[in-house]
Amino acid sequence: MAKVRSLKISISGVRGIVGDTLTPPLLIRFAQSFGTYANGGTVVVGRDTRVSGEMVKCAVFSGLISTGSQVIDCGVCPVPSLQVMVRRLNADGGIMITASHNPIEWNALKFFQPDGTYLNSQQAEELLDIYHQGEFIRAAWKGYLPVRIEENVFQHHLDIIKDFVDVDVIRAKKFRVAIDCCNGAGSIVTSQLLKELGCDVVAINDIPNGIFPHNPEPIPENLTELCKLVKEKKVDIGFAQDADADRLAIINETGEPLGEEYTLALVTQAVIKRKPGTVVANLSTTRALDDVAKMYNAQIVRSKVGEINVVETMKKVGAVVGGEGNGGVIIPEINYGRDSFGGIAIVLQHLAESGQTISGLVKTIPQYIMIKTKISCPSDKMFSILRKIAELYKNENLNLEDGVKINFPDSWLHIRASNTEPIIRIIAESKTKQQAESLCDKIKQQIAEM
Ligand code: MG
């Protein structure tokens, strides 16, 4: 298999392993690039709880200050809260220091536009051009501004969420809720939101020390402790977040994880039953969303994979809800970004209004089995393979916007090049595990013969 390198500079930002490839000089240079890109304007900076966060933050501040930027420090905060603050403070941009769901030794920089959304691919290319050319703004000593510390980072975000839902309806239910924040950025805010919604909170891993007790990706295999807690404490629902708290996973009252795909399906159902409108999801998200949209006569539009692609499509079609099947819920009235807190509030409201249990609610949504796999592939062969797959399946219902998506009557396959590794990702979804597996096996065999 081709070597996976531990530094990735791409349009998604820069990501590496601290103590190895993610070094202070590299971080300073990136911050100088962003300060230059933002024209020496105001830049809001936040970080997740990772132990390396303080080193990365100091390097980022140094680079930004050298370009004459006004740095506003939001400290440890979830990525959706940072996005809200970039907007609220009328900043010229934002930087989040987080490697999201990646293991503890990783860290990364993510860059935001003045409206709080991620840089799109053209903007990110422009930033990378500045980085490579090294022509940074170099402010003179008189142009260096002291860092401003923002004290009130969360309340505004929580207020927006509480304005969107019916707080009284949720409070009246006095839900018992279990949470696992993986000692990440959600640790500071999630309990507070739940208490403001009148919930009795049973929390694990909500100490914001950045020592992750398990892999922070909120997928079922990493959530066994939370599942056990839900069962033992007899709570109504369990929630898990990744380290920067943009992704949300749900555990039902019997301790079963719903699978991340069903976070967006439930939230979509909750939103469009109140407010009919278009739904946007990326091409790799479950077909259960199409079924939910159909139930409420809503239209669904598919976008390329990547949060900013979903957001830009949502803006174009005026969607009322959207997101990604990895537990990334986007509700424009709260935030044009994946927001686990918005997801928590709207799911609780859905639960309260329905009068059902969470497992009862999920039964109203058709169930599918999704299988994700990957195969290594040299970067120079990637696109010829995708072209050959498209040719092989040309008589099927194809979407070629992002790799090859093949829509069969009762299943689908999505084959795309990874943005970050020399691999081809393969996702299959079907009504049965056996059928999804056989779709994956067949395409792998076909690729091997190409
Ligand atoms: Mg994340």
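Two residues are in contact when heavy atoms of theirs lie within 4.5 Å. Keep that cut-off in mind as you work through this predicted model.

**Exercise 1. Describe the surroundings of Glu324: where does it sit, is it buried or exposed, and what does it touch?**

*Step 1.* Start with the place in the fold: Glu324 belongs to strand S14.

*Step 2.* Next, look at accessibility. Buried means under 20% relative accessible area. Glu324 has 5%, so it counts as buried.

*Step 3.* Now list the contacts. Leaving out residues up to four places away in sequence, Glu324 touches Leu264, Asn282, Thr285, Val305, Gly306, Glu307, Val310 and Arg338.

*Step 4.* Finally, pick out one of these partners, Gly306. The Glu324 side chain reaches the backbone nitrogen of Gly306 at 3.0 Å.

**Exercise 2. Work out the strand order of the sheet that holds S14, and find which helices pack on it.**

*Step 1.* Write down the order: the sheet is open, has 4 strands, and reads S13-S12-S14-S15 with mixed pairing.

*Step 2.* Find the edges. Strands S13 (300-303) and S15 (328-330) each pair on one side only. On average, neighbouring strands are turned by 20° against each other, direction ignored.

*Step 3.* Zoom in on one pair. S12 (residues 279-282) and S13 run parallel and are joined by 4 bridges. Ala281 has Arg302 in S13 as its bridge partner.

*Step 4.* Add the helices. Helix H10 (residues 288-295) touches S12 and S13, and its direction makes about 155° with that of S13. Helix H9 (residues 261-274) lies across S12, S14 and S15, running at about 175° to S14.

**Exercise 3. Which protein atoms are donors of the magnesium ion, and how are the donor residues spaced in sequence?**

*Step 1.* Name the donors: Ser100 (OG), Asp242 (OD), Asp244 (OD) and Asp246 (OD), at 2.1 to 2.2 Å from the ion.

*Step 2.* Read the spacing along the chain: S-x141-D-x1-D-x1-D.

*Step 3.* Check accessibility for two of the donors. Asp242 is buried because its relative accessibility is 0%. Asp246 is also buried, with a relative accessible area of 0%.

**Exercise 4. Which residues of the largest nonpolar core touch the most other members?**

*Step 1.* Recall the background: in soluble globular proteins, nonpolar side chains tend to be buried together.

*Step 2.* Here the largest core has 72 residues, and Val177, Ile237, Phe239, Ile331, Leu348 and Ile358 touch the most other members.

*Step 3.* Follow Phe239 as an example. Beyond its neighbours within four places in sequence, its contacts include Val177, Ile179, Leu226 and Leu348.

*Step 4.* Note a second, separate core of 26 residues, with Leu26, Phe34, Ala59 and Val71 among them.

Notes. Residues are numbered from 1 along each chain as its sequence is written. This is a predicted model: local features need pLDDT of at least 70, side-chain atom pairs count only at pLDDT 80 or more; totals for chains, interfaces and linings use all residues. Side-chain values use heavy atoms; hydrogens and water are left out. Two strands pair if DSSP finds at least two bridges between them. Helices (H or I, at least four residues) and strands (E, at least two) are DSSP runs, numbered from the N terminus. Axes are lines fitted to C-alpha atoms, for helices over the stretch in contact, and angles run from 0 to 180 degrees between N-to-C directions. A nonpolar core is a set of buried Ala, Val, Leu, Ile, Met, Phe, Trp, Tyr and Cys residues joined through side-chain atoms within 4.5 Å. Buried means under 20% relative accessible area, exposed over 50%, partly exposed in between (1.4 Å probe, protein chains only). A polar contact is a pair of N or O atoms within 3.5 Å; within protein, one must be able to donate a hydrogen and the other to accept it, and residues adjacent in sequence count only if both atoms are side-chain atoms. Donors are N, O and S atoms within 2.8 Å of the metal (3.2 Å for Na, K and Ca); water is not among the atoms, so sites may look incomplete.
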